[in-house]
Amino acid sequence: MKATKVIALAAFSLLVFTGCGSNKNQNSTTQAGEAASPAATQNNQDTANTPDTTNQTSQKSVASEHYLSLGTLKEEVVVEGENRDRDEVEVSNGKLVFPRGTIRSVFVKDADGKERFTDVSKKKVNNLISVLEREECTSAVSTQQNNGKEIILVYQTGDDDNHTIYIQSVGNDNYLLRVKEDDRDEFAEPEDISDRDSTREYDAVQIHSKELTTIMNQWMKK
């Protein structure tokens, strides 16, 4: 009988010991899981807060940056004088008036549409501006067809805004002049050409000039 009691007591002690160990292991496992939870949560938050760049589209460079990256004049041409107190190309008394500023680059485009930087002299660029401001200009005729030839100027105004001026040949010594303002979303946003003597604004103006034809032909050959 005494042996039976000893065996029963030993079995009870073993059961108690095993149960405590199980609870301790369970508590250790729970605590380890709780300790790891904040890190897992942080990882999930970091993943959620990371921006998705796979669908982002890169912005185009503005027009002036595009042209200036291809070439700049060795001699920057400074345009100054009277009646240049505005910061945009305008029409006054039926003629173009350029603002105070600097012409930083010149390009020509041939009939095949190829643009090419040309480092023309300061004297020749000043002569181009004189011709453009000397000729009468009118509202552009929509039926005129661009034949592909152009002179393109990068013009930095007095307030450091860059405008791109396009002088497009439409045949028979006729030209359309357009101004585009830097805009990262639209690459080059058209700029209205205001008439100082009225409330009119032009998307483009038309100029008739044999001198301008001579200048374009000479620059195309450079």
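Author: Contact here means heavy atoms within 4.5 Å. The model is predicted.

Reader: Among contacts between residues at least 6 apart in sequence, what share joins residues at least 24 apart?

Author: The protein has 4 helices and 13 strands. Take its contacts between residues at least 6 apart in sequence. The share of these that join residues at least 24 apart is 69%.

Reader: Which residue 52 places from Q156 in sequence lies 7.0 Å from it, C-alpha to C-alpha?

Author: Q156 sits in strand β7, residues 150-157. Beyond four places in sequence, Q156 contacts R100, G101, T102, R104, D161 and N162. The partner that is 52 residues away in sequence and 7.0 Å away in space is R104.

Reader: Is R84 buried or exposed?

Author: R84 belongs to the loop between β1 (77-79) and β2 (90-92). Its relative accessible area is 12%. Buried means under 20%. Therefore R84 is buried.

Reader: Which residue offers a backbone oxygen 2.8 Å from a polar side-chain atom of R84?

Author: Setting aside residues up to four places away, R84 touches V79, F98, P99, R100 and E133. A polar contact needs N or O atoms within 3.5 Å. The backbone oxygen at 2.8 Å from the R84 side chain is that of F98.

Reader: Which buried residue of α3 does R84 touch?

Author: Helix α3 covers residues 122-134. Its buried residues are V125, L128, I129, V131, L132 and E133. The contacts of R84 include E133.

Reader: How far does α3 reach from its first C-alpha to its last?

Author: The helix has 13 residues. At 1.5 Å a residue, 18 Å is expected. The model comes close to that, with a reach of 18 Å.

Reader: What is the phi of N83, and is the residue buried or exposed?

Author: Most residues other than glycine have a negative phi. N83 is not a glycine, yet its phi is positive, near 60 degrees. N83 is in the loop between β1 and β2. At 52% relative accessibility, N83 is exposed.

Reader: Where does N172 lie, and what is its phi?

Author: N172 is placed in the loop between β8 (162-169) and β9 (174-183). Its relative accessibility is 69%, so N172 counts as exposed. N172 is not a glycine either, and its phi is positive, about 55 degrees.

Reader: How much of the accessible surface belongs to carbon and sulfur atoms?

Author: Of the 222 residues, 34% count as buried. The accessible surface of the protein comes to about 13900 Å². The part that belongs to carbon and sulfur atoms is 47%.

Notes
Residues are numbered from 1 along each chain as its sequence is written. This is a predicted model: local features need pLDDT of at least 70, side-chain atom pairs count only at pLDDT 80 or more; totals for chains, interfaces and linings use all residues. Side-chain values use heavy atoms; hydrogens and water are left out. Helices (H or I, at least four residues) and strands (E, at least two) are DSSP runs, numbered from the N terminus. The expected span of a helix is 1.5 Å times one less than its number of residues. Buried means under 20% relative accessible area, exposed over 50%, partly exposed in between (1.4 Å probe, protein chains only). A polar contact is a pair of N or O atoms within 3.5 Å; within protein, one must be able to donate a hydrogen and the other to accept it, and residues adjacent in sequence count only if both atoms are side-chain atoms. Accessible areas come from the Shrake-Rupley method with a 1.4 Å probe; for residues, only the protein chains shown count as cover.
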